[in-house]
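Colleague: Hi, have you got a moment to go through a model with me? I'd like to talk about the open spaces, the ligand and a few residues.

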Amino acid sequence: MTSPIPGGLLIGAATSAHQVEGGNCRNDVWAAERAPGSPFLEPSGQAADSWNRWEEDVRLAAALGLDAYRFSLEWSRVEPSPGKLDKKAVGHYQRMVQACRDAGVQPVVTLHHFTSPLWLAQQGGWTDPRAAGCFARFVEMVLPVLDQVDLVLTINEPTILVEWSHRLTVPPQAGPDARVRDTVLAAHREAVDILHGDRAGRQVGLTLALHDWEVLPGGEQLAAQLQDEEEDWWLRSLAGDDVVGVQTYTCKTVGPHGVVPPGADEPTTLTGWRVRPRAVAATARRAAAVSGLPVVVTENGIATDDDDLRWDYVRQALAAVSELLTDGVDVRGWFYWSLLDNFEWLQGYAPTFGLIEVDRRTLERRVRPSGLRLAELLRTRS
Ligand code: BGC
């Protein structure tokens, strides 16, 4: 049985610039994809060519009946060299926002989704505390894009950004630096102030990668410590925000000796994760309780070549969200990751998350049955 989608819940799908636009040759990840001994299985190249095909993507999101489309701005396009604004890139994103609004799809914009300009990476990237000020300058530059955007997400998954910061500098640095976390949080705080100062009533937050923690006997202390360091520390640091973005895919299983990877006989997704469609129940509940903020589930989904499994995941995730609402948890929205198949970072193009399939050869888009079923559910929502 498919549970109906509650009326007031904003339903959308998400992408990020580097994963779909293609040709983002001026950022740190593009450089890392090509560096000698790169851990990336393949380079992003053309991605889904959404820099050119974005109108079709917005049309498809509207045709699916989605309330909202979450996409990100590519900093290296807007500010290709320090302090130099590319007005054409700003115009491009302004047109995207307008097209969404014209199509009846609410644009939700992420300002930083993992990638930074190469010039920032060359001056130490996020390992250099000056990055916070550079990010603030970028936020000022894109205010015209955000004019009609009611929900802005500053930084995507800061924990991953911190974990990767030293590897994305040019040249790469030896190890993670504990101070990066403070720099990223400072950048977020400055961005929130700028965005609130620019327009009253705009909702601002960041997004966090959260897991459903599964604890094996003897792993209790370690699990509590990891959960606190990786997730709850951030949830406790969000005073002054309007919402918290929850991004959930799976569980993290912890035993006495550390994180336990899935066993050979356990079913996993194309990204190698345990299949946990109801993970969102625990993460959204915890995010709301610890942060005290309303929750928007900004990413939730599965990489699979079995589209029935994808639909089962969506159905169960939405049922879990409905139950949270019944329990009084303040969940405002749910975004599937991803609107379309895209560049899954280190793992390249093999993991397919899309409600829309992208032919890797022709880049043609085809809505998957799961996308059609979600569209049908949206048409009949309570
Ligand atoms: C990221 C996305 C990524 C997805 C699946 C999230 O961590 O925000 O960029 O594609 O998870 O791995």
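Colleague: Let's begin with the second largest pocket. How much space lies in it?

Modeller: Happy to help, and keep in mind that this is a predicted model. The second largest pocket has about 220 Å³ of space.

Colleague: Which residues lie nearest the centre of that one?

Modeller: Its lining has 16 residues, and Ala 32, Ala 35, Pro 39, Arg 167 and Pro 172 lie nearest the centre. Helix H2, residues 28-34, supplies the largest share of that lining, with three residues.

Colleague: And how do the lining residues of the second largest pocket divide by class?

Modeller: There are 11 nonpolar residues, three polar and two charged.

Colleague: OK, on to the largest pocket. What volume does that have?

Modeller: The volume of the largest pocket is about 1300 Å³. Its lining is made of 46 residues, and Glu 157, Ile 160, Glu 163, Ala 209 and Trp 273 are the ones nearest its centre.

Colleague: Which elements give two or more residues to that lining?

Modeller: Those are helix H9 (158-164), helix H10 (180-198), helix H11 (220-235) and strand E8 (251-255). H9 gives the most, with six residues.

Colleague: What about classes for the lining of the largest pocket?

Modeller: That lining divides into 24 nonpolar, 11 polar and 11 charged residues.

Colleague: Now the ligand. Which residues come nearest to it?

Modeller: There are 13 residues around the ligand, and Gln 19, His 113, Glu 157, Glu 299 and Glu 344 come nearest. You've met Glu 157 already, among the residues nearest the centre of the largest pocket.

Colleague: How far is the side chain of Glu 344 from an oxygen atom of the ligand?

Modeller: An N or O atom in the Glu 344 side chain is 2.5 Å from a ligand oxygen. Asn 156 has a polar side-chain atom 2.9 Å from an oxygen atom of the ligand, and for Trp 337 the corresponding distance is 3.3 Å.

Colleague: Trp 337 makes me think of Asn 342. Where does Asn 342 lie?

Modeller: Asn 342 is in the loop between strand E11 (331-337) and strand E12 (356-358).

Colleague: Is Asn 342 buried or exposed?

Modeller: Asn 342 is buried, because its relative accessibility is 3% and the cut-off for buried is under 20%. Its side chain also reaches the backbone oxygen of Leu 340 at 3.1 Å.

Colleague: What does Asn 342 touch, leaving out residues up to four places away in sequence?

Modeller: With those left out, Asn 342 touches Gln 19, Val 20, Trp 337, Gly 348, Tyr 349 and Pro 351. Gln 19 is also one of the residues that come nearest the ligand.

Colleague: Let's stay around there and take His 18. Which helix does it lie in?

Modeller: His 18 lies in helix H1, residues 17-20. His 18 counts as buried, because its relative accessibility is 2%. Not counting residues up to four places away in sequence, its contacts include Asn 24, Trp 30, Glu 74, Thr 115 and Trp 345.

Colleague: Changing topic, how many cavities of 30 Å³ or more does the structure hold?

Modeller: Two. The largest cavity has a volume of about 70 Å³, and the second largest has about 50 Å³.

Colleague: Which residues lie nearest the centre of the largest cavity?

Modeller: Val 20, Glu 21, Ser 50, Tyr 69 and Met 96 do, out of 14 lining residues. H1 is back here, since at least two lining residues each come from H1, helix H3 (50-63), strand E2 (68-72) and helix H5 (87-102). H3 has the largest share, four residues.

Colleague: And what lines the second largest cavity?

Modeller: Its lining is Asp 28, Ser 116, Gly 125, Trp 126, Leu 161, Ser 165, Leu 168 and Thr 169. By class that is three nonpolar, four polar and one charged.

Colleague: Last one: where is Ser 370?

Modeller: Ser 370 is in helix H14, residues 369-379, and it is buried with a relative accessible area of 1%. Ser 370 and Asp 307 are 63 residues apart in sequence, yet their C-alpha atoms are 6.2 Å apart in space. Beyond four places in sequence, Ser 370 touches Asp 307, Arg 310, Trp 311 and Leu 355.

Terms used
Residues numbered from 1 in each chain as written. Predicted model: local features only at pLDDT ≥ 70, side-chain atom pairs only at ≥ 80, totals over all residues. Heavy atoms only, no water. 1 Å grid on protein atoms, 1.4 Å probe; cavity = no way out; pocket = protein on both sides within 12 Å on 5 of 7 lines; lining within 4 Å. Points joined across faces, edges and corners; volume = space filled by probe spheres on them. Nonpolar A, V, L, I, M, F, W, Y, C, P; charged D, E, K, R; others polar. Buried < 20%, exposed > 50% of the residue type's maximum accessible area, 1.4 Å probe, protein only. Polar contact = N/O pair within 3.5 Å; in protein donor to acceptor, adjacent residues only side chain to side chain. Contact = heavy atoms within 4.5 Å. Near = heavy atom within 4 Å.
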